[in-house]
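Reader: I want a close look at a single part, and then the way it connects to its surroundings. Start with the pairing of strands, and work outward from there. Short sentences, please.

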Amino acid sequence: MAEIKKPQSFIHLQSITSVDGRFRGVVENLADYFSEYATIKDRVFVEIEYLIALSKLLKLNLTTAKQDKLKKIYDKFSLSDAEEIWQTDFEINHDTKAVEIFLSKKLIKIGLENLINYLHFGLTSTDIDNTGLAISLYQFKNDILQPQIETLIKTLSQLADQNSNLVMLARTHGQIAVPTTAGKEIFNFVNRLEVQLRKLKQIKIGSKMTGAIGNHNALVAVYPKINWLKFFEEFLNKLNLESYQITTQVEPYDHKVEFIQAVKRINLVVMALDEDIWRYLALGYLSLRDEKGHVGSSTMPQKINPIGFEMSENYVSLSNGIFDVLEKRLPLNRWQRDLTDKYLLRDLGQAFAMCILAYKSTTAAIKQIGFNKRIIENDLNNHWESIAEGIQTILRTTNYTKPYEKLKKLTRGKIVTKETYLKFINEIEVSPNIKQKLLALSPKSYFGLARNFHKEF
């Protein structure tokens with residue numbers, strides 16, 4: 001019995017997953033890389049390109065005109081072609097073999113039936129499947145993933161630049177610590193994303209075309225004098241892929257796992273950003289500008305909810321959940337082959353769709369927020385204990401005894417006003433130079449290098 005069953009026609013309102021349901025319109029361009037149609041088309045592409053390369057190697061008299069005929073098969077590949085292959089798959093219960101049958105018919109139709117025996121020659125299904133997926137991953141990475149992350153970084157950078165001089169209180173362990181700048185705290189995430197994006201761009205994507213169990217047994221039996229390792233390395237390199245040369249029937253998945261792990265790290269940075277901004281909104285340091293016509297709450301008209309950040313936070317979390325399983329399971333295959341990887345990879349597109357959905361959501365939400373300078377300034381003015389670190393550090397450079405302990409007594413668990421601070425400074429016995437340094441301190445001036453970071457990096 002076939003493992004698949006043709007579903008009834010449905011619309012997005014009947015979709016089982018939110019990615020193909022409520023949010024299909026936001027990520028539907030990913031269907032060009034990860035849908036069943038994309039998978040089938042990739043297989044057709046790899047089979048034809050391999051047939052052309054093999055024909056050249058074996059000198060099968062494949063003229064440029066004949067090559068053009070072959071390439072038109074994937075250039076003009078349609079949904080109806082994919083449907084035909086899917087129907088064959090349903091009948092024979094083998095998706096890759098169904099592509100070979102489809103192409104055999106095409107070769108007869110365009111007068112190249114003499115090449116039928118060389119279709120899928122010396123290969124196994126995984127050679128085609130993994131290579132097709134690797135091509136889609138490479139294209140998705142360059143076409144959509146990296147540009148979307150770059151857009152998020154650019155949007156964040158603009159927010160950081162706009163608030164580079166805005167001094168605000170920082171918090172550690174949820175409690176008031178020392179002053180920082182809003183721009184620096186946002187730029188921290190810009191820098192983290194830039195670092196991870198550079199690492200993502202450096203990752204190479206590989207595949208394998210090594211036959212039934214990785215030894216090229218069939219090809220060596222027929223053409224023992226050909227350097228098959230070199231041939232397939234050059235073939236995959238032309239497709240912008242690295243070549244695994246020592247494998248079983250499946251690739252080791254090291255490249256794809258590295259790719260997944262790189263995206264997971266980016267997701268964690270985005271999640272941390274979402275959570276921090278959510279907390280700044282709760283604190284009142286940030287506010288949301290509503291889009292006309294949107295409803296914040298069904299009962300509380302005053303509310304504008306940070307749903308963009310909440311949605312993003314949850315979708316990068318869900319995405320990483322899928323990635324967790326993939327990175328742990330993909331490298332594991334029993335002996336020379338089982339189908340663990342094939343079934344896992346069918347949901348790779350869903351994980352990436354969640355990533356893109358999250359990045360777009362965060363990017364859009366960032367454009368709706370602004371810092372509340374009045375609230376931030378009031379907090380600074382009301383919490384002079386935030387400069388206690390600076391006071392005791394300056395006093396450490398003198399003969400003043402136990403500066404930490406005395407500042408602890410003055411500030412711990414207390415809200416210190418400007419008046420309290422000035423009284424303390426005026427009463428301590430230190431040199432005029434030190435006293436001048438201490439009097440120059442204030443929550444608005446004690447921010448270290450916070451204003452410099454976005455200029456230095």
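Author: Two strands count as a pair if DSSP finds at least two bridges between them. Keep in mind that this is a predicted model.

Start with the hairpin. Strand 1 covers residues 167–172, and strand 2 covers residues 175–181. The two pair in the antiparallel sense, over 5 bridges. That satisfies the cut-off of at least two bridges. Take one position: arginine 171 has isoleucine 176 of strand 2 as its bridge partner. Between the strands sit 2 residues. In that turn, histidine 173 has a positive phi of about 55 degrees. As a general point, side chains in a regular strand alternate between the two faces of the sheet.

What do these strands help to cover? Look at helix 15, residues 373–382. Its buried residues are Ile376, Asp379 and Leu380. These residues lie on the same side of helix 15, because they span an arc of only 100 degrees around the axis. Strand 1 and strand 2 are among the elements that cover them, and so is strand 6 (369–371).

Helix 18, residues 418–427, can be read in a similar way. Tyr421, Phe424 and Ile425 are buried there. Their arc around the axis is only 95 degrees, so they share the same side of helix 18. Turned away from that buried side is a face with the exposed residues Glu419, Lys423, Asn426 and Glu427. Three helices pack against the buried residues of helix 18: helix 16 (388–395), helix 17 (403–411) and helix 19 (432–440).

Now the interior. The largest nonpolar core has 93 residues. Within that core, Tyr50, Phe352 and Tyr359 touch the most other members. Helix 7 (residues 125–162) gives the core its largest share, 14 residues. Take tyrosine 359 and leave out residues up to four places away in sequence. The contacts of tyrosine 359 are then Leu145, Gln148, Ile149, Val263, Ile266, Asn267, Val270 and Val316. There is also a second, separate core of 20 residues, including Ile48, Phe102, Leu103 and Leu107.

Two single residues are worth a stop. Serine 125 belongs to helix 7. With a relative accessible area of 16%, serine 125 is buried, because buried means under 20%. Beyond four places in sequence, serine 125 touches His94, Thr96 and His120. Valine 269 sits in helix 11, residues 254–283. Its relative accessible area is 5%, so valine 269 is buried too. Beyond four places in sequence, valine 269 touches Phe189, Arg192 and Leu193. From valine 269 to arginine 279 is 10 residues along the chain, and their C-alpha atoms are separated by 15 Å.

Next, the charged pairs. Side chains of opposite charge can pair when their charged atoms come close. A search of the whole structure finds 22 salt bridges. One of them joins lysine 6 and glutamate 83, at 3.0 Å from N to O. Lysine 6 is in the segment before helix 1 (24–27), glutamate 83 is in helix 5 (residues 79–92), and the two are 77 residues apart. Glutamate 83 counts as partly exposed, because its relative accessibility is 34%.

Arginine 43 and aspartate 129 form another, with the closest N and O atoms 2.7 Å apart. This pair connects helix 3 (residues 36–57), home of arginine 43, to helix 7, home of aspartate 129, across 86 residues. Both arginine 43 and aspartate 129 are buried.

Helix 7 has a further pair. Aspartate 127 and lysine 208 meet in a salt bridge at 2.8 Å, N to O. Aspartate 127 is in helix 7 and lysine 208 is in strand 3 (residues 206–208), so this pair ties together parts 81 residues apart in sequence. Both aspartate 127 and lysine 208 are buried. Shared partners also build a network of salt bridges, made of Glu36, Arg43, Asp95, Asp129, Lys342 and Arg346.

Last, confidence. The chain has a mean pLDDT of 92, and 95% of its residues reach 70 or more. Residues 293–302 stay under 50. For that stretch the model has 4 contacts beyond four places in sequence.

How values were computed:
Residues numbered from 1 in each chain as written. Predicted model: local features only at pLDDT ≥ 70, side-chain atom pairs only at ≥ 80, totals over all residues. Heavy atoms only, no water. Helix = DSSP H or I, 4+ residues; strand = E, 2+ residues; numbered from the N terminus. Core = buried A, V, L, I, M, F, W, Y, C linked by side-chain atoms within 4.5 Å. Buried < 20%, exposed > 50% of the residue type's maximum accessible area, 1.4 Å probe, protein only. Contact = heavy atoms within 4.5 Å. Arc of directions from axis to C-beta. Salt bridge = Lys/Arg side-chain N within 4 Å of Asp/Glu carboxyl O. pLDDT = per-residue confidence, 0-100.
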